[in-house]
Amino acid sequence: MRLFVAVQLSDEMKKSIGETMHELKKKGVKGNYVPLQNLHLTLAFIGETDDPKAVRAALENVKVKPFKVSLSDMGTFDDLLWVGIKGNQGLSGAAKAVRDALDAAGISYDRKKFVPHITIIRKAAGNWKQAQPPKGDMMVKEVTLMKTTFKDGKPVYSKA
């Protein structure tokens, strides 16, 4: 089972990002657009695991003090286009708490430096800088263990 820990986005935030994605399509930006229902903010990518119960147990004691996240700019990691999140202590603290809990339980995860972002297009090609970044913010009250399944060859994310 493929797992990750994420902040699920509010409908309002997804709508704002969706408007920007629509603008990008109209301006000819190609690529694999992430479906609105799959938009999320990853705190830790665990990947394939045979023991989801151990991961759930590790995350049981992770408590998140409510904090606000705000959309910022857009950027890329190679051909992956993302919407950034303004850095804040609440978000950094939540990511650290999740990663510390996984470390304490001996659960491996992708240890890349945490760069808060929401992936919107994979294999992006075209001039994305001509579009306005989405605007929006939301309160985060919890983090969620998510799983990836595939339907008709496309990823579907849901609570694990």
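**Exercise 1. Find which strand gives the largest share of the lining of the largest pocket, and describe that pocket.**

Step 1. Start with the strands. In this predicted model, strand 3 supplies the largest share of the lining, with six residues.

Step 2. Now look at who else chips in. Strand 1 (2-8), strand 2 (30-33), strand 3 (40-48), strand 6 (117-125), strand 8 (144-151) and strand 9 (154-159) each put at least two residues into the lining.

Step 3. Go to the middle. The lining has 33 residues, and His40, Thr42, Leu80, Thr119 and Arg122 lie nearest the pocket's centre.

Step 4. Sort the lining by class: 16 residues are nonpolar, nine are polar and eight are charged.

Step 5. Finish with the volume. The largest pocket holds about 1,000 Å³ of space.

**Exercise 2. Work out which residues line the second largest pocket, and how they divide by class.**

Step 1. Pick out the residues. Going along the chain, you get Leu59, Val62, Lys63, Val64, Lys141, Glu142, Val143, Thr144, Leu145 and Lys159.

Step 2. Split them up: five are nonpolar, one is polar and four are charged.

Step 3. Add the volume, which is about 160 Å³ for this pocket.

**Exercise 3. Trace the order of the five strands in the open sheet, then say what packs on the sheet.**

Step 1. Write down the order. The strands line up as 2-6-5-4-7, with antiparallel pairing, and the sheet is open.

Step 2. Check the edges. Strand 2 and strand 7 (137-140) have a single partner strand each, so each has one side without a neighbour in the sheet.

Step 3. Get the twist: ignoring direction, neighbouring strands are turned by 35° against each other on average.

Step 4. Zoom in on one pair. Strand 4 (residues 67-77) and strand 5 (residues 80-85) run antiparallel and are joined by five bridges. Met74 sits opposite Val83 in strand 5.

Step 5. Bring in the helix. Helix 1 (residues 11-26) packs on this sheet and touches strand 2, strand 4, strand 5, strand 6 and strand 7. The direction of helix 1 makes about 15° with that of strand 6.

**Exercise 4. Lay out the elements of the whole protein and decide why it counts as compact.**

Step 1. Count the elements: there are three helices and nine strands.

Step 2. Read them from the N terminus, and you get β-α-β-β-α-β-β-α-β-β-β-β.

Step 3. Compare radii. The protein's radius of gyration is 16 Å, close to the 15 Å from the globule rule for 160 residues, so the protein is as compact as a globular protein of that length.

Step 4. For the overall dimensions, the C-alpha trace spans about 45 × 35 × 25 Å along its principal axes.

Conventions:
Residues are numbered from 1 along each chain as its sequence is written. This is a predicted model: local features need pLDDT of at least 70, side-chain atom pairs count only at pLDDT 80 or more; totals for chains, interfaces and linings use all residues. Side-chain values use heavy atoms; hydrogens and water are left out. On a 1 Å grid over the protein atoms alone, a cavity is a set of points where a 1.4 Å probe fits but cannot get out, and a pocket is an open set with protein on both sides within 12 Å along at least five of seven lines; lining residues have an atom within 4 Å of a point. Grid points are joined across faces, edges and corners, and a volume is the space filled by probe spheres set on the points. Helices (H or I, at least four residues) and strands (E, at least two) are DSSP runs, numbered from the N terminus. Ala, Val, Leu, Ile, Met, Phe, Trp, Tyr, Cys and Pro count as nonpolar, Asp, Glu, Lys and Arg as charged, and the others, Gly among them, as polar. Two strands pair if DSSP finds at least two bridges between them. Axes are lines fitted to C-alpha atoms, for helices over the stretch in contact, and angles run from 0 to 180 degrees between N-to-C directions. Contact means heavy atoms within 4.5 Å. The radius of gyration is taken over C-alpha atoms; the globule rule is 2.2 Å times the number of residues to the power 0.38.
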